[in-house]
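Take a look at the structure below. The questions that follow go through its strands, its cores and its charged pairs.

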Amino acid sequence: MSAKEITVPTDLCDAAGHLSPDSIGWARNPLIRCNVTGGPLRKKKWNYWCVTSPELLFSVTISHLDYAAVMFVYALDLRTLRFQEQTVLAPLGVGCRLPDEVDASAGYSGKELKISFEELGDGTRLRVEAPNFGGRGQALSADIFVRRPDGHETLNVVVPWSKTRYQFTSKQEALPAQGQVRWEGQTYALSEGEAFGCLDFGRGKWPYRANWNWAAASGKSTAGHTIGLNLGGQWTDGTGQTENGIVVNGRLTKIHEDVVWAYNRKRYMEPWTMRTSGSDRVSLVFEPLFERTAKTNALLIRSEVHQMIGRFRGRIVSEDGEAIVLDGLLGWAEDHSAHW
């Protein structure tokens, strides 16, 4: 059974901070207004950006967990697999600005790290300054413009656990990107047509314990289509919603089936498989190139993520029934558990 498609702007919550039944469903554009209130310590907000090119994967995140903000930046040279990461924790979110709207500017300013997500109408300008990136005495800077083409559709879903626990997610894949990243004396030039941005925007109220899978990728199919891929698992189980979808040349195919994930938690570098549970709409093998492991063990926050960077091979089927072959589409797949 297909979930309800939202076609008009809708509030996520009522005045008491409870989930509005009218918001439950999915949309091709971010029509949900994230007026999340109440629920002390349970509100979670984040803007995660990842930009990929033939040479570089670069990611920057601002997140606010209600009692602290966590910012992280990482870079992976895809040719040498040189990797570096920096995480900054800001108690009570001091210096962090995360609005409720998807198309609003966000930022963080601290001594160790400055991040700006500036909304410009037709796209987002990402700027990062890390004077001592990863504590290695050298600076990282980034200035990237991620464009939103007219009519480009995105995957927007409200996931209901209960009237007091829910999440709005906007996944925006295959957005053309251009700019540069300077890292340890090297400048990585990002050119539109080769570089793509992905936004993961989240607002909601979460339970203290959570587990999820997430996979995403952007690039070209073997036939030259521009492809955006987003697959999820675990956290949506039993809710009647999924965050599964593919974007082909800017057009979203929403996948309402669950995706069955198979991978070895003792050997994450082995191939993963992802298949739709009741059809052949998604049939993919993911081949990892690099494992990013991030662990947090603070007073209230404990999390562990195994984010695998790699390539997708296999087949997806679009809304109009076209079978699309993927042969090395760059992206990631992760296994994440959190107490937060």
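**Strands, cores and salt bridges**

Q: Is strand S25 (residues 323-339) largely enclosed or largely open?
A: The model is a predicted one. Strand S25 has 17 residues, and twelve of them are buried. The rest of the structure therefore surrounds most of the strand, and S25 is largely enclosed.

Q: How many bridges join strand S24 (residues 302-317) to S25?
A: S24 and S25 run antiparallel. Across the pair, Phe312 stands opposite Leu329 of S25. The number of bridges between S24 and S25 is 16.

Q: Which residue in the hairpin of S24 and S25 takes a positive phi?
A: Five residues lie between the two strands of this hairpin. One residue in the hairpin has a phi near 90 degrees, and that residue is Gly321.

Q: Which residue of S25 is the bridge partner of Trp214?
A: Strand S17 (residues 209-220) also pairs with S25. The two run antiparallel and are joined by nine bridges. In S25, the partner of Trp214 is Glu334.

Q: Which strand gives the most residues to the largest nonpolar core?
A: Nonpolar side chains tend to be buried together in soluble globular proteins. Here the largest nonpolar core holds 48 residues, and Phe58, Leu140 and Val181 touch the most other members. One strand gives six residues to this core, the most of any: S14 (residues 166-183).

Q: Which residues are in contact with Val181, leaving aside its neighbours within four places in sequence?
A: Val181 is one of the residues that touch the most other members of the largest core. Its contacts include Ser141, Gln186 and Thr187. Also among them are Leu56, Phe58, Leu140, Ala142, Ile144, Tyr188 and Leu190.

Q: How many residues make up the second, separate core?
A: This core is separate from the largest one. Its members include Ala3, Leu76, Leu155 and Trp206. The second core has 33 residues.

Q: How far apart in sequence are the parts that Arg82 and Glu184 tie together?
A: Arg82 and Glu184 form a salt bridge, with the closest N and O atoms 2.8 Å apart. Arg82 is in the loop between strands S6 and S7, and Glu184 is in the loop between S14 and S15, so the pair ties together parts of the chain that are 102 residues apart.

Q: Is Glu119 buried or exposed?
A: Glu119 forms a salt bridge with Arg148, with the closest N and O atoms 3.2 Å apart. Arg148 has 21% relative accessibility and counts as partly exposed. The cut-off for buried is under 20%. Glu119 is at 19%, so it counts as buried.

Q: Which strands hold Asp143 and Arg125?
A: The side chains of Asp143 and Arg125 meet in a salt bridge, 2.6 Å from N to O. Asp143 counts as partly exposed at 29% relative accessibility, and Arg125 does too at 28%. The pair is 18 residues apart, with Asp143 in strand S12 and Arg125 in strand S11.

Q: Which residues are linked with Glu5 in a network of salt bridges?
A: The count of salt bridges comes to 22. Glu5 belongs to a network of them. The residues linked with Glu5 are Arg28, Glu153, Arg251 and Glu319.

Conventions
Residues numbered from 1 in each chain as written. Predicted model: local features only at pLDDT ≥ 70, side-chain atom pairs only at ≥ 80, totals over all residues. Heavy atoms only, no water. Core = buried A, V, L, I, M, F, W, Y, C linked by side-chain atoms within 4.5 Å. Buried < 20%, exposed > 50% of the residue type's maximum accessible area, 1.4 Å probe, protein only. Helix = DSSP H or I, 4+ residues; strand = E, 2+ residues; numbered from the N terminus. Contact = heavy atoms within 4.5 Å. Pairing = 2+ DSSP bridges. Salt bridge = Lys/Arg side-chain N within 4 Å of Asp/Glu carboxyl O.
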